[in-house]
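Dear colleague,

I am handing over to you the structure that we spoke about, with its sequence, so that you can look at it in your own time. Please open it first, and then read on for what was found in it.

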Amino acid sequence: MQIHELLLHILPVVIFSFIIGLEVRAYLTKFHENDARVFFGTTRTYAFLGILGFILYEIEPKNFSLFIVGFLSITILYSILYKKMLETDKNSILLYIVSIIVYSFGPLVGIFPLWISALIFVLVIFLLNSKNRILTFHPKINIYELETFGKIILLSAVVLPLLPTDNNIPYLGISLYKIWLTVVVISTISYISYLVQKYIFPSKGVLLTGILGGAYSSTATTVVLSKKAQAVQDTNMFTASIISATFMMYLRLLIIAAIFNLEVLKVVATPYIVFGLITLIISFVYYKKATNETSKIETEDRNPLELGTAFVFAILFIVTMFITNFVVNNYGTTGLNILSFIIGMTDIDPFILALLTGKYNIDAVAVASAMLIATGSNNILKAVYAVWFGKKKAVSSAFWLIILGFLTIGFGIYI
């Protein structure tokens with residue numbers, strides 16, 4: 001190995017180790033000011049640990065024998081210190097873990113790309129510096145949400161890579177991998193919106209409810225806001241919120257198209273952007289007309305990232321793809337457009353994903369047309385819901401949703 005390569009390896013090791021040492025010192029000063037002497041060194045100690053790990057790895061990089069001896073020696077020293085800490089009712093091993101991470105920078109920088117070590121460095125700094133936020137944030141988390149999140153991580157990070165990627169499903173021409181990938185993507189988008197609503201903006205205003213709720217389900221958000229609108233005199237803010245939820249629907253579908261089908265994206269990008277801008281203008285006009293009568297709104301906490309929901313979505317996705325394939329093969333684009341309008345009166349996400357990921361005997365323009373028709377039909381459904389649940393208080397919202405619905409359908413038929 002050339003000298004300059006060794007220099008490029010040792011420099012980040014020293015820098016990362018030294019800065020972590022500074023952060024450890026700040027951590028001890030802030031949280032253990034009276035017990036700092038009991039712990040395992042500070043700034044220089046961590047810098048030396050990083051250098052030691054680098055030296056022992058470079059001397060014998062094949063079997064890691066010297067590096068392992070160094071690791072055991074550090075562990076023995078900390079064990080002696082830990083026995084003393086127990087006598088003073090201190091039982092944390094946090095700084096031991098940090099010191100071992102620092103000691104590991106030597107081989108990490110030498111074996112893996114630099115971004116791996118840099119990411120670990122950033123995570124260590126962040127976690128050391130976030131004790132207060134973690135302590136205050138943790139009690140607010142529902143333990144069942146963490147359990148659900150863990151299951152989804154298992155299914156996406158462990159199960160997803162194991163699924164076959166070849167087109168092994170007869171008649172559909174799509175792999176099990178891609179089916180589950182669509183479920184993971186749509187669930188992730190919904191879950192991020194849910195987390196933002198619950199933990200970042202727990203006391204959200206009406207407009208923010210529409211924006212964040214629309215990222216998950218503009219239909220469900222329209223129903224909730226229409227019901228709430230009955231209790232107020234000035235409904236302008238609710239109209240702005242309902243229309244903003246539809247804006248988020250256009251944006252969400254645009255992102256999904258960008259992920260799964262770039263050819264269709266080229267066709268739907270312009271109409272979705274145009275209709276999105278129209279919804280923004282309408283929302284802004286009603287927002288400016290609104291009073292401050294209603295500042296907050298309570299919505300039901302519902303975790304969208306549940307296993308049952310994910311499996312139901314997967315089943316709906318497969319069924320929708322079967323139906324779409326049958327209609328396209330037997331009735332062509334005319335039948336697909338009629339199907340799009342009908343399915344638009346239900347949950348359109350499985351259908352949109354079936355359009356974007358399936359292999360049909362139609363071109364990208366026909367797929368985009370069906371996508372737009374389904375979107376417009378869904379807007380009409382939301383208009384019906386707005387009037388049904390909001391009565392006279394949601395007439396303005398229903399009016400604009402109908403206009404947007406017919407315009408979107410018209411564009412879908414025209415292209």
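Just after helix α16, Lys391 takes a positive phi of about 55 degrees, and I begin there, with the reminder that everything in this message concerns a predicted model. Lys391 sits in the loop that runs between α16 (364-390) and α17 (395-414). Most residues other than glycine have a negative phi, which is the reason for pointing out that Lys391, a residue other than glycine, has a positive value. As for its surroundings, Lys391 counts as partly exposed, because its relative accessible area is 47%, a value that lies between the 20% and 50% limits.

The helix that comes before this loop may be worth following along its length. With 27 residues, α16 reaches 38 Å from its first C-alpha to its last, which is close to the 39 Å expected at 1.5 Å a residue. Helix α16 is also mostly covered, since 20 of its 27 residues are buried.

Where is the place of Phe64, which also has a positive phi? Phe64 belongs to the loop between α2 (43-59) and α3 (65-87), and its phi is about 60 degrees although Phe64 is not a glycine. With a relative accessible area of 24%, Phe64 is partly exposed, because the buried class ends at 20%.

Another residue to find on your screen is Val185, which is part of helix α9 (residues 176-200). Is Val185 buried or exposed? Its relative accessible area is 16%, and Val185 is therefore buried, given that buried means under 20%. Leaving aside residues up to four places away in sequence, Val185 touches Ile259 and Phe260. Val185 and Phe260 are 75 residues apart along the chain, and yet a distance of 9.9 Å separates their C-alpha atoms.

Finally, some values for the protein as a whole, which may help you to place these details. The protein has 17 helices and zero strands, and 46% of its 415 residues count as buried. Among the contacts with a separation of 6 or more, 76% are accounted for by residues 24 or more positions apart, and the pair of Val185 and Phe260, at 75 residues apart, can serve as an example of two residues that touch. The accessible surface comes to about 21,500 Å², and carbon and sulfur atoms hold 69% of that area.

With kind regards

Key:
Residues numbered from 1 in each chain as written. Predicted model: local features only at pLDDT ≥ 70, side-chain atom pairs only at ≥ 80, totals over all residues. Heavy atoms only, no water. Helix = DSSP H or I, 4+ residues; strand = E, 2+ residues; numbered from the N terminus. Buried < 20%, exposed > 50% of the residue type's maximum accessible area, 1.4 Å probe, protein only. Contact = heavy atoms within 4.5 Å. Areas by Shrake-Rupley, 256 points an atom, 1.4 Å probe, with all protein chains shown as cover. Expected span 1.5 Å × (residues − 1).
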